[in-house]
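Please examine the sequence and the three-dimensional structure shown below. The explanation that accompanies them is written for a reader who has not met this structure before.

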Amino acid sequence: MKRLGLLFGLLLGTTTMMFAQGAQNIKINEVMINNTNNYLDEYGQRLPWIELVNNSFTTYNVRGMFITTDKTVLNKTMSVPDRMKRMSSIPNGFKDSEMGGKHHLLLFLNSKPEKGPHHLDVNIPQGQKIWIAIYDGNGKNLIDSVTVPAMQPNNSYARSKDGGEIWNVCNENKVTPNANNVTKQEVSKIETIKKDDPYGIWLALLSMAVVFACLLLLYFFMRLFTTVSHSVEKRKERSERFKTLIKIRNTSKKAIIMAKDGYHKKGIDKETYMAVIALALSEYAQDVHDLESGIITIKKKQSAWNAKKF
């Protein structure tokens, strides 16, 4: 019997912890305290409203939870019944209280519960900042709270994103009841450039700088490539010249040897002729010849004809 009681107590404690953890995912997401030209209720009236969001991916029922603007409930010595008298309860038995993951719930304030389950008699003073909070159904656990500053009509106080930590004042064009909060408008890069450089001066200068930088890099690359190519060609040319000189030297040596042999033998054989011809062809290919001045000298010559005197 004791074991059964212990098991029951453990299950009860675990269930309580699970429900408490689920309640912590319910957040106040957006509040409008002065509605003159904004969201309409089902009766065509404009009332202050509060938007809750389930910040988890699991479903949680918010029925029985409390909403209040009375800061006296923060007194820890206050009894639970007295605290509940200062708060307005979200009614049971309507389908919207079953909040799915990432879903929203809009509740009207400064209203009468008789008008429907979305209407609460939470007092919203006009023209001043207010503190608003949501309590768990036990009337003791504070789930979430926020201090809303005094704002212009039809402006709301909202988180920068659903369940986020940063709050912003949103003008009437950015109010998002029953929808995901978008309080920071994303600006494209093109729009940013248009704003920062409306005449395109800096964009033109930047484009020219990029083009000139590319041309400069191309110039240095071509210069380096040309230098390397010339160096390779020169090395190749030197190598060819060296090989040619070696051949000429070897051919000359062989021609001299053959000529000497021919002299001693009282004649020049066939190989000597071939060597001499090869040497001549080699010198012709290397453009080797005697240096001439390039000056033509004409000398007068006496003859019998030019010696006559008429």
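The paragraphs below go from the chain as a whole to its strands, its core and its surface.

The model is a predicted one. Its chain has 310 residues, of which 29% are buried. The secondary structure consists of six helices and eleven strands. Among the contacts in the chain with a separation of 6 or more, 61% are between residues 24 or more positions apart.

Strand β1, formed by residues 26–32, is a suitable place to begin. This strand is mostly covered, with six of its seven residues buried. It has pairing partners that include strand β2 (residues 49–54), to which β1 is joined by six bridges in an antiparallel arrangement. Within this pairing, W49 of β2 lies opposite M32. Strand β10 (residues 156–159) also pairs with β1, again in the antiparallel sense, through two bridges. Here E30 faces A158 of β10.

A further group of strands forms an open sheet. Four strands take part, in the order β5-β4-β8-β9, and their pairing is antiparallel. At the edges stand β5 (88–89) and β9 (142–148), each of which pairs on one side only. Between strand β4 (residues 66–68) and strand β8 (residues 130–135) there are three bridges, and the two strands run antiparallel. T68 is placed opposite A133 in β8.

Attention may now turn to the interior. The largest nonpolar core comprises 29 residues, and those that touch the most other members are I28, I50, L52, I67, I132 and V148. At least two residues of this core come from each of β1, β2, β7 (104–108), β8 and β9. I67 offers a detailed view of the surroundings of one core residue. Apart from its neighbours within four places in sequence, I67 has contacts with I50, M87, S88, I90, L107, L120, V122, I132, A133 and I134. Two of these partners, I50 and I132, are themselves named with I67 among the core residues touching the most other members.

The surface completes the picture. The chain exposes about 22,900 Å², and 60% of this area is supplied by carbon and sulfur atoms. One nonpolar surface patch covers about 1,400 Å². Its members are Y199, I201, W202, L205, M208, V211, F212, L215, L218, F221, M222 and F225. Of these residues, F225 belongs to helix α4, which spans residues 201–264.

Technical notes: Residues are numbered from 1 along each chain as its sequence is written. This is a predicted model: local features need pLDDT of at least 70, side-chain atom pairs count only at pLDDT 80 or more; totals for chains, interfaces and linings use all residues. Side-chain values use heavy atoms; hydrogens and water are left out. Two strands pair if DSSP finds at least two bridges between them. Patches are made of residues with over 30% relative accessible area and no salt bridge: like charges are joined within 9 Å, nonpolar side chains (Val, Leu, Ile, Met, Phe, Trp, Tyr) within 5 Å. Accessible areas come from the Shrake-Rupley method with a 1.4 Å probe; for residues, only the protein chains shown count as cover. A salt bridge is a side-chain nitrogen of Lys or Arg within 4 Å of a carboxyl oxygen of Asp or Glu. Buried means under 20% relative accessible area, exposed over 50%, partly exposed in between (1.4 Å probe, protein chains only). A nonpolar core is a set of buried Ala, Val, Leu, Ile, Met, Phe, Trp, Tyr and Cys residues joined through side-chain atoms within 4.5 Å. Contact means heavy atoms within 4.5 Å.
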